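Visitor: Mind walking me through a structure? I'd like to talk about its charged pairs and a helix contact.

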Amino acid sequence: MRGNNQLLQLPSSVTRQIDCSDLLVMNESSARYPVFGNKARKYEFLLPNLKWSGSKRLGTVGAVSSNHALQFALANRVADLTGDGQPLNCALDLVLFEVPGATTDMARLGILRGLVEHVAIAKNNIELVGQASQEYARNWLHSDTDSLVPPGGSNDLSVLGHMNAIAELAQFLSAAQAWSAPPDVIFVAMGSGSTVLGLLLGVHLMGWKTKVVGVADQDKSYLTRWLVNRQPSLPFVEGNVAKLARSTVQWLQQIRFPGISPDVLRVMQDEIFVPDSTSWQPGYGLVEAADVAWANELEEAGLILDPVFTLKAWRSLLTMSKAGALKNKKVLFWNTYNSFDYMPPLLSSLG
């Protein structure tokens, strides 16, 4: 379903406000397909693996507004894994948490309740830990048939999705005769980690000199950084990506994946990765008037962004542009937001 129409050229009314040599968008968004873009790339690897492992019951965690929670629930019900219309269709439990300061999307929550076996709502991070433990304790007793899907669908396996995406980008640029060389900078939203890590590894495999700016969606307390990442000095999302990078590279080396150099972790950290752990403020999913104005202008230009991830990544691009860091550089903005309208009437066929 993907094609080079994903490569978007924004109008001059937008690009002339940004100080770079050229700007393109890799647009992983569809108004037609409910499971698309960066989540679909992950599930192309996650779902078949779950089927082959014999999973019968699944659980996953996310915000009520989580793109992963909704798209994974849909993919579990409708994604064709065999070519003859057979989806995974496991029993699925969700533990969801409400976002402080944001109104809970009751329509989306209603859709989720119709798609999964059980939904538990957690009011805050402390409660989330307790809810998740209670909901999924039985999975530990049935490890042969029950599986936990990590938040955001990010694990060592799903990283492969955006390693592939870099290869596709190279094909798109060639077919469109857009640039004679790779982008100098890629901006991408950074949450659970496998999208930005896949791009980093893809850039490494291609031998590009591209910098990948990963824009965090949030940060956590010092205690949470230590409990989850064992790296309390690093912003939470950066630490999460670093942890995922170590396990993924170890796995790729174990299976003798071609092209992974022995010093890939150092190369990514020192030469490719540019983390931005400030543009997420003032809070997870919270935006300011200037962001809304940009979002409206970009939507008129054909690019729809969301307040949790991609709009913050666009803010990072603007900030670096104003600082002169993008001057004379070819810039690629990677839009991970899927703009499909998930209102219940459109999903009535799912039952």
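Here's a short chat about salt bridges and one helix pair.

Guide: Heads-up: this is a predicted model, so local features need pLDDT of at least 70 and side-chain atom pairs count only at pLDDT 80 or more, while totals for chains, interfaces and linings use all residues. Residues are numbered from 1 along each chain as its sequence is written, and side-chain values use heavy atoms, with hydrogens and water left out.

Visitor: How many salt bridges does the rule give?

Guide: The rule asks for a side-chain nitrogen of Lys or Arg within 4 Å of a carboxyl oxygen of Asp or Glu. E28, R41 and E168 are linked in a network of such bridges. By this rule, the count is 9.

Visitor: Which residue meets K327 in a salt bridge?

Guide: K327 sits in the loop between α12 (310-322) and β10 (330-335), and its partner, 308 residues apart, lies in the loop between α1 (12-15) and β2 (22-27); helices (H or I, at least four residues) and strands (E, at least two) are DSSP runs, numbered from the N terminus. The N to O distance is 3.8 Å, and the partner is D19.

Visitor: Is R225, the partner of D219, buried or exposed?

Guide: The closest N and O atoms of D219 and R225 are 2.5 Å apart. Buried means under 20% relative accessible area, exposed over 50%, partly exposed in between (1.4 Å probe, protein chains only). R225 has 16% relative accessibility, so R225 counts as buried.

Visitor: At what angle do α9 and α10 cross?

Guide: Helix α9 (residues 236-254) and helix α10 (residues 264-272) have axes that come within 10 Å. Axes are lines fitted to C-alpha atoms, for helices over the stretch in contact, with angles from 0 to 180 degrees between N-to-C directions. The crossing is roughly 145°.
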